[in-house]
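Subject: Structure handover, aromatic contacts

Hello,

Here is the structure for you to look over. My notes on its aromatic rings follow below.

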Amino acid sequence: MQTQNLDFSTLDLTHLFSFVSLEILPTPSSLSACYENKGRCGFKMKQLPFMGIVCTVMLFIVYRTTNYQHKHTEMETKMHPFDSEFRVASRELSGLPRGIIQARSDLELRPLWLRSSSRSKIHVLLLIVNNYSRRNLLAVPVGIEQKLNVDDMVQKFLPENFTIILFHYDGNVDGWLDLEWSNEAIHIVAQNQTKWWFAKRFLHPDVVSIYDYVFLWDEDLGVENFDPGRYIKIVRREGLEISQPALDPNSTEIHHRITIRARTKKFHRRVYDLRGSTKCSDSSEGPPCTGFVEGMAPVFSRSAWRCTWHLIQNDLVHGWGMDMKLGYCAQGDRTRRVGVVDSEYIVHKGIQSLGGGGAISSVKKASNSEVVTKRHVGGAGDMRTEIRRQSTWELQIFKERWNRAVEEDKNWNPGTAATANNSRLSPLPPEPVDFNYGRGSTVDIPMDSTKDLRKKEKELQAKETELRRREQDLRRREEAAARAGIVIEEKNWPPFFPIIHHDIGNEIPIHLQKMQYLAFSTWLGLTVCLVWNIVAVTTAWIKGEGVKIWFLALIYFISGVPGSYVLWYRPLYRAFRTESAFKFGWFFLFYLLHIGFCIFSAVAPPIVFKGKSLTGILPAIDLIGGNALVGIFYFIGFGLFCLESLVSVWVIQQVYMYFRGSGKAAEMKREAAREAMRAAL
């Protein structure tokens, strides 16, 4: 019997049976020859049991091989579904000549007819260029209750060459026909469906491939401070594949700190926040610290949307959890290609149309009608509760699918992503050899002996060990500082000569920022008062009032400005940032002294050098008769100190109301009692 080497992983079933029949089983010719020899083929006939065993083994191998190929094909289909779809589509289109096949479409409206003068090739070419050049898409789920707000939004986008598509989740289209732009928009109606349901079914990447950017927005966004043209220029210049406009701090609903507008920036890619359970710093590499946008107003490039469309789950209509994974569709490093634009910002009004109005037709982001009907939801509040439960359930399902997909796809690497073909980020140039960019440069490579190389290797290993030890020590110190609430503050104010750390927009909670800005204005007001005090006292000194009052005015300024910052402004800043009752108590103590000083300065009684070292009302009356200019300067100083006193009284009243209402007063009493008990023991 001849033996053959077979690769069973690629063996076809037909070839295997032919091999068995030819090499193992007795053929009719062999049986007839055996009969003619009158049974002399007994030895060959005795091989039949052995052949049966071999056939059984071969059939088992065939079964295992076929099963392996089936599982391998299933895995390939899961890991590369688009390749299999492409092969199937190619077979289905084989009956057409390639030149007639158009694999893509768009959402542009076409006229039913053209005039004979408009049918020339030149006119058609110009029409195509105008329609396909720098086009962008705005898609919004809308209900009739938000008609006015959507009208304002569309009026902003239409002049910037946008195609408008409205997803009517309440079924009411006739109510929009009176708007002048209604005939230019595309209207799609589906009762009680969400934004992501519409997007998955009507915004296929091949349909929206002509658009540079896809704006998939909610309907409750205020766009008074937003310009689409400027926004796209920033996104295009900075290479942001996925982005969103920043949210005004006064928005009704803000869920993530990274989306809040930074007033001093055009855009930002990350946020710094050392409060709470999630610490955001330079070492943070993912959401919600960097590489994150929220689902209310995302903007996708063409390539990013192709990836995002495939990320949207067909049966999970709420889209919960997707925002944490959108960065993987940024066509590269999500810490660089995902950002929030601050100079063009919006207001999230947070209108609760989720099951609002007591009718099911008002559901903006509801789940499908089967779920709502099945649970017999009555009122709007109950409906909203059921929708939240459904969303939470879908979030859990999405997480499980993501984790399972990551576990199954052994080749997936979250750190590497293919760069988009339409990415506008130019590659980095090669590093020059030296400052002469490598022209005529020579590189000397010393040829050390083996002994020297080993010595240097040991030195490098020792240095590496030392650096690793220092790095671990530094990390331990940073972690200990973070646990102790110690924050490393970078000096950033004033911008032209930074001497203090000051970042209200990013470090103070939104509901406390107004009070912090008012307190900051009183600190700046005190600085202005003391500067003007120096100016007025200088004029009085020049007119013969003596140099002592000038030195006192200078001392007031030198000690007052930094002293007020250290004693009461910085404690209030840290109290708002850390919610420390002790810091609040420190602020109240010294801010009362500040108010007392301002009132004393506004009066300026003749206690020290007849009170002329301060620009109060009494020295102003005394000096106005002798020198009108000096008297006027003192009266201006009196007005500034009066204004500072009034604003300061109002600030301490507002802070105290918050202090009492937040429960910090009771907490401070408990802390004082504990300290007293500890001291007594």
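Please start at F157. This is a predicted model. F157 is buried, because its relative accessibility is 0% and the cut-off for buried is under 20%.

F157 pairs with F215. The ring centres of F157 and F215 are 5.5 Å apart and the planes meet at 75 degrees, so this pair is edge-to-face. The cut-off for that class is over 60 degrees. The contact joins distant parts of the chain: F157 belongs to helix α7 (residues 147-157), F215 to strand β4 (residues 213-216), and 58 residues separate them. F215 is buried too, with a relative accessible area of 0%.

F157 also pairs with W217. Here the centres are 5.4 Å apart, the planes stand at 90 degrees, and the pair is edge-to-face. This contact again links distant parts of the chain. F157 sits in helix α7, while W217 lies in the loop between β4 and β5 (221-222), 60 residues away. W217 counts as buried, because its relative accessibility is 0%.

How many aromatic pairs does the count come to? The total is 43 aromatic pairs. The two described above are among them.

Two charged side chains also sit over rings. K200 lies over the face of W309, 3.9 Å from the ring centre. R334 places its charged end over the ring of Y328, at 4.6 Å from the centre.

Best wishes

Methods
Residues are numbered from 1 along each chain as its sequence is written. This is a predicted model: local features need pLDDT of at least 70, side-chain atom pairs count only at pLDDT 80 or more; totals for chains, interfaces and linings use all residues. Side-chain values use heavy atoms; hydrogens and water are left out. Rings of Phe, Tyr and Trp (its six-membered ring) pair if their centres lie within 6.5 Å; planes under 30 degrees apart count as stacked, over 60 as edge-to-face and the rest as tilted. Helices (H or I, at least four residues) and strands (E, at least two) are DSSP runs, numbered from the N terminus. Buried means under 20% relative accessible area, exposed over 50%, partly exposed in between (1.4 Å probe, protein chains only). A charge sits over a ring if NZ of Lys or CZ of Arg is within 6 Å of the ring centre and within 35 degrees of the ring normal.
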